[in-house]
Amino acid sequence: MSKYWNKLINDIEPYVAGEQPKPGQKVIKLNTNENPYPPTPKVREALEKFNLADLRLYPDTNSTDVIKAAAAFDGVSEENIFCGNGSDEVLAICFQTFFEKKALTGLPVLMPDYSYSFYPVFSEFYDLRRKTIPLKEDFRLDPDDYIGVPNCGIVFANPNAPTSRAIAVEDCSRIAEANPDSVVIVDEAYVAFEENYESAVSLIGKYKNICVVRTLSKAFSLAGIRLGYAVADKELIEGLRRARDSFNSYPVDRLAQKVAEAALLDTGYYNETRAKIIATRTWVEKELKELGFTMPPSSSNFVFAKPPVDCGALYQNLRSKGILVRYFNKPVLKDYLRITIGTDEEMTELLKAIREEIKDAENS
Ligand SMILES: *Cc1c(COP(=O)(O)O)cnc(C)c1O
């Protein structure tokens, strides 16, 4: 509390990011869904070619070269893409651009419970009404729950977090079709981690109200550069640009633009990395099930798994062994650990530690 803060800042409960280890601290970090593999070597090449003298100049406001690479990657035209400083920022600008303030509308933004916990924070921050829609008992998002419910907008992650489950693109299209007056934001942070994935980007030619949000943080191993983008009909993209230019007209710096462009162009490396993570996940799911864990089927680079022993204690004990996983101390979620898929070596360590913990719990 501070008398110098306004009411909003005094009242808001900010998003809590996953724990970051102290510099130099050696941990197995499986708590924020980062990619365990380095970005493509093309990134180094791009940085070596970078002319440092250019840093005196402001960057290209639209990130044109990144947009070109992203348009090629997603098979859309350049006018369908908007770049931002991480997809968190892109999502924030989407909320600001497409959803209406409480004072102006009685209508809520619809979002699943459970989903990315930034959505409720953005809703508070931008003074939006929200309505959370429970997932089914098996953590499935049912598109029917988003049909016939008055709203000023819809947002969900697909695959969802922290549950790891995905819905089909046809389900996204049903939601968009049934809500023609609202923008439907599909946050695809994890879409790459399904073998033969189909992105909702395939729908944007058909629906003017779908806005797909992408990030380079997870599948491209670039959480450190903060690059995210939206793919949508050009009318939506123009709105996002208006919002950006009323707030921060140079969100993506020159280095980030070069790095992102190089990464988006190397689809071979992207597919190799995806395949490795999918293979490790398949193996880890099997091992965890054999140890008595239960979990929804994962379409992402993490599993959302319920251990056969006390979850909070397991989280703490893994932490004291230098293995960080994500634990949400909230109803229902508190019985689950969200575990990022790391390298095979990291996951071997994790499984070994879990085996020890289960044995200890049985003996006590
Ligand atoms: C990680 C994540 C993001 C954030 O991505 P950044 O581009 O790093 O800001 C967005 N949405 C979901 C669901 C995520 O898990």
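A polar contact is a pair of N or O atoms within 3.5 Å. In this predicted model, a nitrogen atom of the ligand is 2.6 Å from an N or O atom in the side chain of Asp-187, and that pair is therefore a polar contact, since its atoms fall within 3.5 Å.

**The ligand and its surroundings**

The table sets out ligand atoms and their partners in the protein.

| Ligand atom | Protein partner | Distance |
|---|---|---|
| Nitrogen | N or O atom in the side chain of Asp-187 | 2.6 Å |
| Oxygen | Polar backbone atom of Asp-88 | 2.9 Å |
| Oxygen | Polar side-chain atom of Lys-218 | 3.1 Å |

Taken alone, the ligand exposes 390 Å², of which the protein buries 93%. The ligand sits in the largest pocket.

The shell around the ligand is formed by Gly-86, Ser-87, Asp-88, Tyr-116, Asp-187, Ala-189, Tyr-190, Thr-215, Ser-217, Lys-218 and Arg-226. By character, these shell residues divide into three nonpolar, four polar and four charged.

**Domain arrangement**

The domain assignment of the protein gives two entries: domain 1 comprises 7–38 + 268–363, and domain 2 comprises 41–265. The C-alpha centres of domain 1 and domain 2 are 25 Å apart. To the contact between them, domain 1 contributes 33 residues and domain 2 contributes 30 residues.

Key. Residues numbered from 1 in each chain as written. Predicted model: local features only at pLDDT ≥ 70, side-chain atom pairs only at ≥ 80, totals over all residues. Heavy atoms only, no water. Near = heavy atom within 4 Å. Polar contact = N/O pair within 3.5 Å; in protein donor to acceptor, adjacent residues only side chain to side chain. Areas by Shrake-Rupley, 256 points an atom, 1.4 Å probe, with all protein chains shown as cover. 1 Å grid on protein atoms, 1.4 Å probe; cavity = no way out; pocket = protein on both sides within 12 Å on 5 of 7 lines; lining within 4 Å. Sits in = over half its atoms within 2 Å of the grid points. Nonpolar A, V, L, I, M, F, W, Y, C, P; charged D, E, K, R; others polar. Domains from an automatic or database assignment. Contact = heavy atoms within 4.5 Å.
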